[in-house]
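Visitor: I would like to learn how to read an interface, a ligand site and a backbone in one structure. Please take the features in turn.

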Amino acid sequence: MRLYNTMTREIDLVETSHPEVARIYACGPTVYRDAHVGNMRTFLVTDLISRTMRYEGMKTIVVQNITDVGHMADDTGLGTVAADKMLAESEKTGKTALEIAQYFEKVFHQDLARLNIYPADYYPKASESIESMVSLITTLIDSGNAYVGSDNSVYFSAESFPSYGALSGNRLDELRPGHKFDADENDSAKRFHADWALWKSAGENRTQLTWETPWGRGFPGWHTECSAMSLDILGENIDIHTGGIDLRFPHHEDERAQSNSAVSPTRGTNHEVVRQWVHAEHLLFESKKMSKSAGNVVLVQDVIDRGYDPLAIRLAFMQHKYRSQMNLTWEVIQSSQELLERWRRKVNQWSQSESQAMDPSVVAEISGYFSADLNTPMAVNAMRKLEKNSEISDGTKFEIFAHLDSLFGLDLVRDVGKDLGESLSVPTEVLGLLEQRNAARAAKDWALSDQLRDQITLLGFSVVDAADGAHVEPITN
Ligand code: AMP
Ligand code: ZN
């Protein structure tokens, strides 16, 4: 597989440090609010990479962190304590940071399942990884890369890492003094304006999410979390590191400096912990970057509430290159829904023809687009061409669509074996509830799953759970 590497600015062949295993780290959500479909587009990139690597015969280990402390907002206007996104939400709702994190984490897993994004192998939480952060910071102090500032926070010395800026192109001598990337940083306590806090001293007003350390009571800097958790679980060779484009600087630049410096006593100063940095471009909704502040946030649940299959979003995303901004609209979702329904209908029809062998050249062409820096728009186009190709038998088309769904992840064979007329007469509302129930079951939320079953029953349908998934049947008596 080849991927664009932000570090080399080239499309590089993915060369894993282990011949059979790809180690992948994905920056995860900050769980103080719902992840929107823009965040989901970024998370989908990791899923597509690991599906492609597995298709190519590799094993993958995917780690995605859950940020539940230390991610500071600079737009809350609530002062130093509440500038932690988790604590701002806690102040607003009267709930504890832990309650907030638990709730949004659950919804996050449910939304991933709804988009057929495979769960990561590990979901470390920042608040449960404090020990490894303290040990990382101690290593960095010992190696001369970090120091305790006059405010008892611990800072990373940007100048101690000569290639600082190589990832993002932000050169140290061009970074202006006084520019704040973190709302609560105290410039007078640092030795140099571009240094950043690895550990932050907690003031008396901060009553939640603080820990006792050799440097006093405090909490971790956001960038520290990802270095500690990735080194901890994946070790000193991480093949692919993913995140949204906004994380390139300062989050990933700082993470690279920390991780490389931490391993330099044993690995030398030239060892790159991360081999490939992959960044997903932003999703726009109706031409503006999707964000809470722009007021144009769309959730997976909103898409379901409008009667769409959440996988229509997955298909919509795949029709655009992950490295380009994409403008999502309800019309785009509608047309992806139509394409998805048409493919499932065709797959169902083709399944009734005699099965025929796959055409290896067609399969190689389409899977090859995934391997070529996730050229999913070309892969979708090739599927459209295959669908319309009158020289290829229906039996072959069925086999290819079914086989390649391990890459597309669109549940293309979902309707196979069902009576088409009957499934089409099921109201959209019932199908939407069934979808939500599938997601609830995938997230092992049995209470919600039962509740959704009851709602479906009230609408006159019973849910039948079969080995190949659940479907509904009209209640006849
Ligand atoms: P957050 O929960 O804010 O830490 O963001 C989670 C992930 O979503 C990060 O990798 C961000 O870079 C990414 N992200 C944030 N906004 C967008 C957007 N509008 N489109 C795509 N990805 C985004
Ligand atoms: Zn991160």
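**Reading the model**

Guide: Between domain 2 and domain 3 there are zero residue pairs in polar contact, counting pairs with both residues at pLDDT 80 or more. The pLDDT condition applies because this is a predicted model.

Visitor: Which part of domain 2 gives the most residues to the side that touches domain 3?

Guide: Helix α8, residues 300–305, gives the most, with three residues. By class, this side of domain 2 has two nonpolar, two polar and two charged residues.

Visitor: How many salt bridges does the rule find across the interface of domain 2 and domain 3?

Guide: The rule finds zero salt bridges there.

Visitor: What is the usual way to give the size of an interface?

Guide: Often it is given as the accessible area lost when the parts come together. For domain 2 and domain 3, the buried area is about 340 Å², and carbon and sulfur atoms give 61% of that area.

Visitor: Where are the domains in the sequence, and how far apart are the C-alpha centres of domain 2 and domain 3?

Guide: Domain 1 covers 2–280, domain 2 covers 284–408 and domain 3 covers 428–474. The C-alpha centres of domain 2 and domain 3 are 24 Å apart. Their contact involves six residues of domain 2 and four residues of domain 3.

Visitor: Next, the ligand. How many residues surround ligand 1, and which are the closest?

Guide: Ligand 1 is surrounded by 19 residues, and the closest are N39, T42, G244, D246 and L283.

Visitor: Which atoms of N39 and L283 should I look at beside ligand 1?

Guide: For N39, look at a polar side-chain atom, 2.9 Å from an oxygen atom of ligand 1. For L283, look at the backbone: an N or O atom lies 2.8 Å from a nitrogen atom of ligand 1. G38 also takes part through its backbone, with a polar atom 3.1 Å from a nitrogen atom of ligand 1.

Visitor: What should I expect of phi and of peptide bonds in general?

Guide: Most residues other than glycine have a negative phi, and most peptide bonds are trans. Two places here are worth checking against that.

Visitor: Is the peptide bond from F249 to P250 cis or trans?

Guide: The bond from F249 to P250 is cis, with omega near 0°. P250 is placed in helix α7, residues 248–267.

Visitor: Is phi of R9 positive or negative?

Guide: Phi of R9 is positive, near 60°, and R9 is not a glycine. R9 sits in the loop between β1 (2–5) and β2 (10–13).

Notes
Residues numbered from 1 in each chain as written. Chains lettered and ligands numbered in written order. Predicted model: local features only at pLDDT ≥ 70, side-chain atom pairs only at ≥ 80, totals over all residues. Heavy atoms only, no water. Domains from an automatic or database assignment. Contact = heavy atoms within 4.5 Å. Buried area = accessible area lost by both parts, 1.4 Å probe. Salt bridge = Lys/Arg side-chain N within 4 Å of Asp/Glu carboxyl O. Polar contact = N/O pair within 3.5 Å; in protein donor to acceptor, adjacent residues only side chain to side chain. Helix = DSSP H or I, 4+ residues; strand = E, 2+ residues; numbered from the N terminus. Nonpolar A, V, L, I, M, F, W, Y, C, P; charged D, E, K, R; others polar. Near = heavy atom within 4 Å.
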